[in-house]
Protein chains: 2
Amino acid sequence: MKLGRLNHVGVATPSIDRSVALYRDKMGATTVHDPFDLPAQGVRVCFVDAPNMQVELIEPLGEGSPILKFLERNPEGGQHHLCFEVDDIDEARAFYDSKGVRILGPTRIGAHGTPIFFLHPKDMGGVLTEIMESPRQAH
Amino acid sequence: MKLGRLNHVGVATPSIDRSVALYRDKMGATTVHDPFDLPAQGVRVCFVDAPNMQVELIEPLGEGSPILKFLERNPEGGQHHLCFEVDDIDEARAFYDSKGVRILGPTRIGAHGTPIFFLHPKDMGGVLTEIMESPRQAH
């Protein structure tokens with residue numbers, strides 16, 4: 001395993017609309033993608049492009065959304081996770097299994113349409129870490 | 001103002017040594033820079049390179065370290081701030097002043113030797129945001 005590129009920083013928000021306004025008005029974001037629902041993960045998602053990575057704004061979707069608790073503790077939102085790319089998701093999963101790092105749930109399709117999984121923050125220095133297979137066109 | 005590149009993600013840790021071991025062993029980091037003290041900010045700093053940005057590991061330095069409170073709430077560490085680059089720090093400061101965004105303290109020299117300042121997380125969607133003038137060689 002070799003540390004891959006940071007695909008995105010996940011930022012939880014109670015309102016994508018409000019966060020998009022903030023990124024446009026106070027950060028100078030010019031490319032904001034259309035928001036979409038990701039029911040498998042219980043979130044609504046909106047990507048904001050920076051020159052070298054993306055900010056993934058995530059808003060709760062449904063009553064069982066995994067970010068509801070985060071927003072209870074951080075009502076204004078905040079940094080939620082870091083997503084790093086790997087070449088091969090199955091290889092990465094086997095690697096983390098072998099290291100005894102807790103993997104949160106099955107490998108599933110993430111916001112970019114490629115397989116992802118999450119690692120337990122308690123095994124990753126307090127950082128909820130998403131591991132994502134690089135989109136093919138980036139190879 | 002135009003959204004610049006993400007220079008680094010600041011990750012607080014009770015132990016840079018332990019975090020460096022984690023980034024090497026569990027993330028596959030190969031380039032880890034020498035740690036150094038940044039007394040002006042009350043932190044000891046260590047940069048870990050990813051292909052498109054850096055992770056800035058920060059450990060408390062001194063009794064007045066601004067990350068001690070963060071570590072009380074998050075004993076294992078965690079995501080602390082996001083640092084975005086701008087071309088001109090004075091222009092950026094005037095911009096945030098004009099927007100009514102609270103700036104935390106004076107402009108000072110940051111871990112990369114260029115001027116930086118921090119924005120209040122309550123004005124930035126819960127994200128402690130560092131604004132950093134791009135290193136000259138990157139222009």
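Q: In which loop of chain A does Ser65(A) lie?
A: Let's start with one residue of this predicted model. Ser65(A) is found in a loop of chain A, with a strand on one side and a helix on the other. The loop runs between β4 (54-60) and α2 (68-73).

Q: Is Ser65(A) buried or exposed?
A: The cut-off for a buried residue is a relative accessible area under 20%. Ser65(A) has a relative accessibility of 5%, so by that cut-off Ser65(A) counts as buried.

Q: Which backbone oxygen does the side chain of Ser65(A) reach?
A: Leaving out residues up to four places away in sequence, Ser65(A) touches Gly42(A), Val43(A) and Pro60(A). With one of these there is a polar approach of 2.7 Å, made by the side chain of Ser65(A). The backbone oxygen at that distance belongs to Gly42(A).

Q: Which residues does Ser19(A) touch, not counting residues up to four places away in sequence?
A: This serine sits in helix α1 of chain A. Ser19(A) counts as buried, at 10% relative accessibility. Beyond its sequence neighbours, its contacts are Thr13(A) and Leu57(A).

Q: What pattern does chain A follow along the sequence?
A: Stepping back to the whole chain, there are three helices and eight strands in chain A. Read in sequence order, they give β-α-β-β-β-α-β-α-β-β-β.

Q: What radius of gyration does chain A have?
A: The C-alpha atoms of chain A occupy a box of roughly 45 × 35 × 25 Å along the principal axes. For 139 residues, a compact globule would be expected to have a radius of gyration near 14 Å. Chain A agrees with that, at 15 Å.

Q: What percentage of the 139 residues in chain A is buried?
A: Contacts give some background to the fold: of those in chain A with a separation of 6 or more, 51% join residues 24 or more positions apart. Burial is counted over the 139 residues of the chain, and the buried share is 56%.

Q: How far apart in the chain are Arg102(A) and Asp123(A)?
A: The side chains of these two residues meet in a salt bridge, 2.9 Å from N to O. Arg102(A) is in the loop between α3 and β6 (103-109), while Asp123(A) is in the loop between β7 (115-119) and β8 (129-133). Arg102(A) is partly exposed at 42% relative accessible area, whereas Asp123(A) counts as buried at 13%. The pair links distant parts of the chain, and the separation is 21 residues.

Q: Which residue forms a salt bridge with Asp37(A)?
A: Asp37(A) is partly exposed, with a relative accessible area of 39%. Its partner is also partly exposed, at 28%. The side chains come together at 2.7 Å, N to O, and the partner is Arg44(A).

Q: Why does the salt bridge of Glu85(B) and Arg5(B) tie together parts that are apart in sequence, and how many residues apart are they?
A: In chain B, these side chains meet at 2.8 Å, N to O. Glu85(B) lies in strand β5 (residues 78-86) and Arg5(B) in the segment before β1 (6-12), so the salt bridge joins separate parts of chain B. Glu85(B) is buried at 7% relative accessible area, and Arg5(B) is partly exposed at 31%. The parts they tie together are separated in sequence by 80 residues.

Q: How much area do chain A and chain B bury between them?
A: Contact between the chains involves 41 residues of chain A and 41 residues of chain B. On the side of chain A, Leu3(A), Met27(A) and Gln79(A) lose the most area, together 22% of what that side buries. Carbon and sulfur atoms carry 62% of the buried total, which is about 3,400 Å².

Q: Which residue of chain A forms a salt bridge with Glu76(B)?
A: The whole structure has eight salt bridges over all chains, and the count between chain A and chain B is two. In the bridge of Glu76(B), the closest N and O atoms are 3.5 Å apart. The partner from chain A is Lys122(A).

Q: Which element gives the largest share of the side of chain A that touches chain B?
A: Polar contact across this interface involves 13 residue pairs. The elements giving two or more residues to the side of chain A are β1 (6-12), α1 (16-27), β3 (43-49), β5 (78-86) and α3 (89-99). By class, that side has 20 nonpolar, 12 polar and nine charged residues. The largest share, six residues, comes from β5(A).

Key
Residues numbered from 1 in each chain as written. Chains lettered and ligands numbered in written order. Predicted model: local features only at pLDDT ≥ 70, side-chain atom pairs only at ≥ 80, totals over all residues. Heavy atoms only, no water. Contact = heavy atoms within 4.5 Å. Buried area = accessible area lost by both parts, 1.4 Å probe. Salt bridge = Lys/Arg side-chain N within 4 Å of Asp/Glu carboxyl O. Polar contact = N/O pair within 3.5 Å; in protein donor to acceptor, adjacent residues only side chain to side chain. Helix = DSSP H or I, 4+ residues; strand = E, 2+ residues; numbered from the N terminus. Nonpolar A, V, L, I, M, F, W, Y, C, P; charged D, E, K, R; others polar. Rg over C-alpha atoms; globule rule 2.2 N^0.38 Å. Buried < 20%, exposed > 50% of the residue type's maximum accessible area, 1.4 Å probe, protein only.
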